[in-house]
Amino acid sequence: MTIPFLILAALTIAGIAAAMYLRNLVHCILALTLGFAGLAALYLQLDAQFVGFTQILVYVGAVAILAVFAIMMTRSAGPMAQPVFSSSWIKGGCVAGAVFAVLAWAIDRSATSLEMLPPQPEVAVRQIGDALMRRFVLPLEIMGLLLTAALIGAVLIAMQEKPEMQ
Amino acid sequence: MTPETIDRIFIIWKHWLLSYAPAGVQPLFSALLSVVPVLAVFPLLFAITTVLERKGLGRIQNRYGPNRVGPYGFFQPIADGVKSLTKEDVVPRTADQVVHFLAPLLLVAAAFLAYAVLPVGRNMVVANLNAGVLFFFAVGSLVELAVFMAGWSSRNKYSLLGAMRAIAQMISYEVPLVLASVVVIMAAGSLSTVTIVNMQASYTGIWPHWFVFTPWGFVGFVLFMIAATAEANRSPFDLPEGESEIVAGYYIEYSGFKFALFFLGEYLGMFATSGMAITLFLGGWAAPFSFLTWVPSYFWFFAKLLVLIAGFIWVRGTLPRLRMDQLMNFAWKFMLPMTLLNIFVAGAWHFMAAGSVRWLVCAVLIFAPSVLLALGLEKGKKKIAARTYRFAE
């Protein structure tokens, strides 16, 4: 628990909490981006350079912009009418608390065995590339195929054929 | 003083200054000594570039350009700075105050972050990251967010339209920009900018081993520079801020020093991408001939940077602005296939035996598809007859 970790954790949590509580949808996305950036900084603090920079490139650079575009194109970006707390907030809070308890219990249990592990060697980008291209090449290809199929599907849905124009 | 001493002079100064700091604050002081020169030199280069650009554009357009402040108008940036500092900072009443304030700061911060991985001289880099090139493109994507924040928070149709144009253009051209640099990463086998430059800093006879002197390196460099022009929103890709269409685009509602910050961020982004092009393709700080290695390494980096800036100014004064559909067609139907093909050619180059056959095969592999793709851009376009003018009589 170092001071940089505490600052980054507070920043991440504040960003994600603000993403839920702010009234304006665009503000929510900007706050969520702050949370993503904080998470990337946490990865970097753990010496995971590749994951950290990819987090910034994909989530801050692409996902946030995509969400912004989706909001701008589908609805007005004004403040919402309904209240911040939904009517079923007690049930939701119970479920969230239960999930948090299970996760905390699991992490707390594993922490005792974790301390005996030797420190992890620094993973270079080359090793990640080797793993992706040799051992995990089939999952990688399947993911690529899946994403391509999703892309083609999105284009097909978005494409409007106008027979009366011809 | 020997050439080696002059080459290392900034590093020697840094160590000398560092020796005065108490041991406890030395890491912080060392970081400060690396960062402050970057914060000082590149804005200064921005000031010099503004006056050079206005002079150059004036020369191309057959007029004088700035010539009132100082000898030949070279103190114009000081006057510009005083002007923008003393101007009233107008914020629209309906604007989103916080986001409106944060947008220029984020833009400039993101632009400065990119310099962290650029080696401006031998052993002169702020942070030698294992994944340096990835870092560069990651912080580059922050600029899009800043542009959106500026355009959206102003509550102005022109600024929102400009931001949408800018984001669409930046996303489209970021793909070829990254893919064009992949060939160098393949050849160097590393994402570290320092390693990439070191690999190019050797010579055969008097000729250097820069990546631009290979077929895939040359094509990669040209594609990279085209995409960099679009990323920097410069002419002929200046639709987001086309003055005759949507005035100043996403920063139309900014005045005073915030406007100057947008200008600064845009030019810093341009310098950073040019610096990355130099690092990837033009040998970084390496001298162009083996007999010129006695000249300090940082001199070569900035000389190459100024040459690329001159190219940007020349292109801006020469080419007309593209239309939106032309811009998108060019990105997706020409740039993207060419960068993918270039990756294939780089692989073929790697596995073929050295010699003239390899040159011929790779040149044909690049030249023929580029001609076909260019013809494909022309296809389906209606022949436009000569326009007949009708006058009121």
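Two residues count as in contact here if their C-beta atoms, placed from the backbone, lie within 7 Å.

User: How many residues of chain A are in contact with chain B, and how many of chain B with chain A?
Analyst: Keep in mind that this is a predicted model. For the complex, the predictor gives a pTM of 0.86 and an ipTM of 0.76. With the contact cut-off of 7 Å, the tally is 15 residues of chain A and 18 residues of chain B.

User: Okay, and which helix of chain A gives the most to the side that touches chain B?
Analyst: Two helices of chain A, helix 2 (25-45) and helix 3 (49-74), each supply at least two residues of that side. By class, the side of chain A that touches chain B has 12 nonpolar and 3 polar residues, with no charged ones. The top contributor, with 10 residues, is helix 3 of chain A.

User: What share of the residues of chain A count as buried?
Analyst: Chain A has 6 helices and 0 strands, so to speak a run of α-α-α-α-α-α along the sequence. A residue needs 20 or more other C-beta atoms within 10 Å of its own to be called buried. Of the 166 residues of chain A, the share that passes is 14%.

User: Over in chain B, which element has the lowest mean pLDDT?
Analyst: Chain B averages a pLDDT of 85, and 97% of its residues score at least 70. At the high end of its elements sits helix 10 (residues 215-231) of chain B, with a mean of 90. The lowest mean, 68, belongs to helix 11 (residues 243-246) of chain B.

Technical notes:
Residues numbered from 1 in each chain as written. Chains lettered and ligands numbered in written order. Predicted model: local features only at pLDDT ≥ 70, side-chain atom pairs only at ≥ 80, totals over all residues. pLDDT = per-residue confidence, 0-100. Helix = DSSP H or I, 4+ residues; strand = E, 2+ residues; numbered from the N terminus. Nonpolar A, V, L, I, M, F, W, Y, C, P; charged D, E, K, R; others polar. Buried ≥ 20, exposed ≤ 12 C-beta atoms within 10 Å, placed from the backbone.
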